[in-house]
Amino acid sequence: AARFRGESLNDKCYQGPDLNNKLLHVLLRFREHRFAITGDIEAMYYQVRVDGDHRDVLRFLWFDEAANVVCYRMTAHVFGGIWCSCAATYALRLAAKEFGAGDEAVIDTITKDFYVDDYLISVDSADMAIDLIDKVKSVLGQGGFRLTKFVVNEDSVLQNIPEADRANEIKDFKSDIKTKALGIKWDVKLDAFYFEVHMDRVENITKRGILS
């Protein structure tokens, strides 16, 4: 997005179609069933390669070990490129189709239950949750995407997730677990969304003040 002589790379590139799922739809499905799961794709854009013919437009200057200025080219998509969300989401869905082995449930959840790199889904049972996590991780792994930072609201499901793949805030179920689901605060053990409101003490409480 940086401008030189009034122009930037983003001005010259097509954004592509909006392939992101609707935020509200993802959140509603996330709370549809009893057992909730969230996860995150590690460095999603960097897992998607740029075609060799296009890498010259992603050149940048850096210093080598001798402090000489060297020109490099990005080989993967970068955060901030206007086209990157579309390209990465397309690659994610392509991985689901190519490596999903006809498993419609897995293909469907990868297609519908991601918001960019965030995965949110709910299912009817702990066994279904364990099975789905394993299958989705496997399919995406074959496509070069590592699904990690899992948060679940059931201890028996958590025990089947390697500790390295758990989010930092949910290494175990011994203490209160608070995290965020697409920006909304989620108390995992209570299994409830919540809001924190901080207000300065005021003498006169009015409707306008409460709304603000």
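**Aromatic pairs and buried elements in a predicted model**

Good morning. A search of the whole structure finds six aromatic pairs. Please bear in mind throughout that this is a predicted model.

I shall begin with Phe 30 and Trp 186. Their rings form an edge-to-face pair, with 5.1 Å from centre to centre and 85° between the planes. Phe 30 belongs to helix 2, residues 23-30, while Trp 186 belongs to strand 8, residues 184-187; the pair therefore ties together parts that are 156 residues apart in sequence. Are these two residues buried or exposed? Phe 30 is buried, and Trp 186 is buried as well.

A second pair is made by Phe 60 and Trp 62. Here the ring centres are 6.5 Å apart and the planes meet at 75°, so this pair too is edge-to-face. As for the surroundings of these rings, Phe 60 has a relative accessibility of 31% and counts as partly exposed. Trp 62, with a relative accessible area of 55%, is exposed.

Returning to Phe 30, which residues form one aromatic cluster with it? They are Trp 186 and Phe 193. Phe 30 also has a charged partner: the charged end of Arg 31 sits over its ring, 5.2 Å from the centre. A similar arrangement involves Arg 34, which lies over the face of Phe 35 at 4.7 Å from the ring centre.

Phe 35 brings us to strand 1, which spans residues 35-41. Strand 1 runs antiparallel to strand 6, and four bridges join the two. Within this pairing, Ile 41 stands opposite Leu 147 of strand 6. How many of the six residues of strand 6 are buried? Five of them are, so strand 6, residues 147-152, is largely enclosed by the rest of the structure.

My last element is helix 4, residues 104-112. Its buried residues are Val 106, Ile 107, Thr 109 and Ile 110. Around the helix axis they cover an arc of only 165°, and they therefore lie on the same side of helix 4. A general point about α-helices is relevant here: there are 3.6 residues a turn, so residues three or four places apart point the same way. What covers the buried residues of helix 4? The covering elements include two helices, namely helix 3 (84-99) and helix 5 (126-142). They also include strand 4 (114-115) and strand 5 (118-123).

Thank you for your attention.

Key. Residues are numbered from 1 along each chain as its sequence is written. This is a predicted model: local features need pLDDT of at least 70, side-chain atom pairs count only at pLDDT 80 or more; totals for chains, interfaces and linings use all residues. Side-chain values use heavy atoms; hydrogens and water are left out. Rings of Phe, Tyr and Trp (its six-membered ring) pair if their centres lie within 6.5 Å; planes under 30 degrees apart count as stacked, over 60 as edge-to-face and the rest as tilted. Buried means under 20% relative accessible area, exposed over 50%, partly exposed in between (1.4 Å probe, protein chains only). A charge sits over a ring if NZ of Lys or CZ of Arg is within 6 Å of the ring centre and within 35 degrees of the ring normal. Two strands pair if DSSP finds at least two bridges between them. The arc is that of the directions from the helix axis to the C-beta atoms. Contact means heavy atoms within 4.5 Å.
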